[in-house]
Amino acid sequence: MERAAPAPLMLRWAAGLIDLVLLAAAGNLVGLTVLEVAEPWAGGPAALALAAAAVVATAAAYFAVGEGRWGTTLGKLALGLRVVGEDGRPLGWRRALGRFLIRVVGTGLAGAGWWLSPGRGHGRGALPWHDALTGTRVVRWQPWRPAPEPGR
């Protein structure tokens, strides 16, 4: 199996920005809906906590399903990127969920998860925590390109 080229960090961040915009819209819809439903019976802080949990769950599900099942999210798909394991296949939802949680922690620590890595990757320097700790990599991908014919 041919090994795909690693995705440049700036391209990964651009895909992340697209995902962030999409998740902001979805998160607002989900969060406000939960808040509207929960407010009458839960009240102030409890309703806000439920809404926040729903927003986080929406983001977790987006990445767990997208990266776990297909190896991509809408942002990555738009820019031709895919998350794969060492075997070149999608991660499965559990591993993708773990990758998401590690990314949230690493990003939340002033971005340390992107710069202070425990692993090395692709001969291009350190991998972010979420890739180093889950054995994944983000590669360039062209889903619109037809597969080569056998024997070529």
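Are lysine 76 and glutamate 67 buried or exposed? In this predicted model, both residues are buried. They also form a salt bridge, with the closest N and O atoms 2.8 Å apart. This pair belongs to a wider charged network, described below after the overall fold.

The chain holds 6 helices and 2 strands. From the N terminus, the order of elements is α-α-α-β-α-α-α-β. Of the 152 residues, 35% count as buried. The chain exposes about 9,300 Å². Carbon and sulfur atoms supply 67% of that area. Among contacts between residues at least 6 apart in sequence, 62% join residues at least 24 apart.

The two strands pair with each other. Strand β1 spans residues 81-85 and runs antiparallel to β2, with 5 bridges between them. Valine 83 has valine 138 in β2 as its bridge partner. Strand β2 covers residues 136-140, and 4 of its 5 residues are buried, so the strand is largely enclosed by the rest of the structure.

Both members of that bridge also take part in the largest nonpolar core. This core has 7 residues: Ala7, Ala15, Leu81, Val83, Leu91, Ala96 and Val138. A second, separate core has 6 residues, including Leu23, Ala59, Tyr62 and Phe100. In soluble globular proteins, nonpolar side chains tend to be buried together. Within the largest core, leucine 91 deserves a separate account. Beyond its neighbours within four places in sequence, leucine 91 is in contact with Val83 and Ala96, two other members of the core. Its contacts also include Val84, Gly85, Gly68 and Thr136. Glu67 and Arg99 are on the same contact list. These two charged residues lead back to the salt bridges.

The structure holds 4 salt bridges. Side chains of opposite charge can pair when their charged atoms come close. Besides its pairing with lysine 76, glutamate 67 meets arginine 99 in a salt bridge, at 3.0 Å from N to O. Glutamate 67 lies in helix α2 (residues 44-70) and arginine 99 in helix α4 (residues 93-108), so the pair ties together parts that are 32 residues apart in sequence. Both glutamate 67 and arginine 99 are buried.

Arginine 99 has another acidic partner. Aspartate 131 forms a salt bridge with arginine 99, and the closest N and O atoms are 2.9 Å apart. This pair links distant parts of the chain: aspartate 131 sits in helix α6 (residues 129-132) and arginine 99 in helix α4, 32 residues apart. How accessible are the two partners? The cut-off for burial is under 20% relative accessible area. Aspartate 131 has 1% relative accessibility and therefore counts as buried. Arginine 99 is buried too, with a relative accessible area of 1%. Through shared partners, salt bridges join Arg12, Glu67, Lys76, Arg99 and Asp131 into one network.

Two tryptophans were examined next. Tryptophan 114 is found in helix α5 (residues 112-115). Its relative accessibility is 17%, so it counts as buried. Not counting residues up to four places away in sequence, tryptophan 114 touches Leu9, Arg12, Trp13, Arg103, Thr107, Pro128 and His130. One of these contacts, Arg12, is a member of the salt-bridge network. Another, arginine 103, is 11 residues away along the chain, with 8.4 Å between the C-alpha atoms.

Tryptophan 141 lies in the segment after β2. At 25% relative accessibility, tryptophan 141 counts as partly exposed. Tryptophan 141 and leucine 81 are 60 residues apart in sequence, yet their C-alpha atoms are 5.0 Å apart in space. Leucine 81 belongs to the largest nonpolar core. Leaving out residues up to four places away in sequence, tryptophan 141 touches Leu81, Thr72, Leu77, Gly80 and Arg82.

Leu77 also contributes to the surface. Together with Ile18, Leu22 and Leu74, Leu77 makes a nonpolar surface patch of about 310 Å². Helices α1 (9-42) and α3 (74-79) each supply at least two residues of this patch. Leucine 74 is found in helix α3.

Key. Residues are numbered from 1 along each chain as its sequence is written. This is a predicted model: local features need pLDDT of at least 70, side-chain atom pairs count only at pLDDT 80 or more; totals for chains, interfaces and linings use all residues. Side-chain values use heavy atoms; hydrogens and water are left out. Patches are made of residues with over 30% relative accessible area and no salt bridge: like charges are joined within 9 Å, nonpolar side chains (Val, Leu, Ile, Met, Phe, Trp, Tyr) within 5 Å. Accessible areas come from the Shrake-Rupley method with a 1.4 Å probe; for residues, only the protein chains shown count as cover. A salt bridge is a side-chain nitrogen of Lys or Arg within 4 Å of a carboxyl oxygen of Asp or Glu. Helices (H or I, at least four residues) and strands (E, at least two) are DSSP runs, numbered from the N terminus. A nonpolar core is a set of buried Ala, Val, Leu, Ile, Met, Phe, Trp, Tyr and Cys residues joined through side-chain atoms within 4.5 Å. Buried means under 20% relative accessible area, exposed over 50%, partly exposed in between (1.4 Å probe, protein chains only). Contact means heavy atoms within 4.5 Å. Two strands pair if DSSP finds at least two bridges between them.
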